[in-house]
Amino acid sequence: MTIQEKTELIAKDIKKEEGTNPVRIFKNIAHKEYISMHGPEHHILDGASILVAYKNAGGNIDIDNALNKLMAEGLRMPGAMCGLWGICGAITSIGAALAIIDGTGPLSTDGTWGDHMQFTSAAISELGKINGPRCCKRDAMIAFKNGIDYVNSHYGVTLEYEQMKCEFSAVNMQCIKDRCPFY
């Protein structure tokens, strides 16, 4: 299955999700057979989980348009960018979701450009302290923790957060076990 096909399934399935907890929404989709343990589908799934939870919490957003924009951005992000570029796709996916919510672009001067940079730098700093190898599920949880804090403090809605206990370590051949805060 191509990443484009996976992306279309994510968009179709995630719109059915209820609740305001992006971690639960993420886990419901991440357990589907078309989501790999690691892979660029997380560049769409992670931000989409935030967008759907935001909408479900009362956020004013056209979810179809938002998911289409996120898919376009996520599909531009290559796999393995964490190791090859030094930036995690889970974090950039949620950063893209925040930009969609705010309508932020490269020329924005309303403060959102800098706020999003602070979100991504805090999340990436936390990942850097844990160190590699990559784990798209662990990285998503770090991105969600920081992203939920950001949404709750900026948008007048409340997203739920839960400290996930990992449900994926048995299928992750590079699991760092006790070094992971979710193991």
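The paragraphs below lead through a predicted model, starting with its nonpolar core and moving on to its aromatic pairs, its pockets and its cavity.

A good place to begin is the largest nonpolar core, which has 55 residues, and in which Leu51 and Phe144 touch the most other members. Seven helices give two or more residues to this core, namely α1 (3–14), α2 (22–30), α3 (42–56), α4 (63–76), α6 (89–102), α7 (112–130) and α8 (136–154). Phe144 is worth following further, since its relative accessible area of 0% falls under the 20% limit and the residue therefore counts as buried. Leaving aside residues up to four places away in sequence, Phe144 touches Pro22, Val23, Phe26, Asp46, Ser49, Ile50 and Ile94.

One of these contacts, Phe26, leads on to the aromatic rings, of which a search of the whole structure finds four pairs. The ring centres of Phe26 and Phe144 lie 5.4 Å apart and the planes of the two rings stand at 70°, so this pair is edge-to-face. The pair joins distant parts of the chain, with Phe26 in helix α2 and Phe144 in helix α8, 118 residues apart. Phe26, like its partner, is buried, because its relative accessibility is 0%.

Another of the pairs is formed by Tyr54 and Tyr155, whose ring centres are 5.5 Å apart and whose planes are at 70°, so that this pair, too, is edge-to-face. Here again distant parts of the chain are linked, as Tyr54 belongs to helix α3 while Tyr155 lies in the segment after α8, 101 residues away. Both tyrosines are buried, and together with Phe119 and Tyr150 they form one aromatic cluster.

The segment after α8 also holds Gly156, and the question is whether this residue is buried or exposed. Its relative accessible area is 79%, and because anything over 50% counts as exposed, Gly156 is exposed. From Leu45 it is separated by 111 residues in sequence and, C-alpha to C-alpha, by 23 Å in space.

Turning from side chains to open spaces, the reader can look for the largest pocket, which has a volume of about 520 Å³. Its lining is made up of 18 residues, and those nearest its centre are Glu73, Thr92, Gly95, Ala96 and Ala99. Two or more lining residues come from each of α4, α5 (81–85), α6 and α7, and the largest share, five residues, is that of α6. By class, this lining consists of ten nonpolar, six polar and two charged residues.

The second largest pocket holds about 250 Å³ of space. It is lined by 14 residues, with Cys82, Ile124, Leu127, Gly128 and Asp139 the closest to its centre. At least two of the lining residues are supplied by each of α5, α7 and α8, and α7 gives the most, with three. Six residues of this lining are nonpolar, five are polar and three are charged.

Finally, a search of the whole structure for cavities of 30 Å³ or more finds one, and the space within it comes to about 70 Å³. The residues that line this cavity are Met37, Cys135, Lys137, Arg138, Cys166, Ser169, Asn172, Cys175, Ile176 and Cys180. Among the residues of its lining, six are nonpolar, two are polar and two are charged.

Methods
Residues are numbered from 1 along each chain as its sequence is written. This is a predicted model: local features need pLDDT of at least 70, side-chain atom pairs count only at pLDDT 80 or more; totals for chains, interfaces and linings use all residues. Side-chain values use heavy atoms; hydrogens and water are left out. On a 1 Å grid over the protein atoms alone, a cavity is a set of points where a 1.4 Å probe fits but cannot get out, and a pocket is an open set with protein on both sides within 12 Å along at least five of seven lines; lining residues have an atom within 4 Å of a point. Grid points are joined across faces, edges and corners, and a volume is the space filled by probe spheres set on the points. Ala, Val, Leu, Ile, Met, Phe, Trp, Tyr, Cys and Pro count as nonpolar, Asp, Glu, Lys and Arg as charged, and the others, Gly among them, as polar. A nonpolar core is a set of buried Ala, Val, Leu, Ile, Met, Phe, Trp, Tyr and Cys residues joined through side-chain atoms within 4.5 Å. Buried means under 20% relative accessible area, exposed over 50%, partly exposed in between (1.4 Å probe, protein chains only). Helices (H or I, at least four residues) and strands (E, at least two) are DSSP runs, numbered from the N terminus. Contact means heavy atoms within 4.5 Å. Rings of Phe, Tyr and Trp (its six-membered ring) pair if their centres lie within 6.5 Å; planes under 30 degrees apart count as stacked, over 60 as edge-to-face and the rest as tilted.
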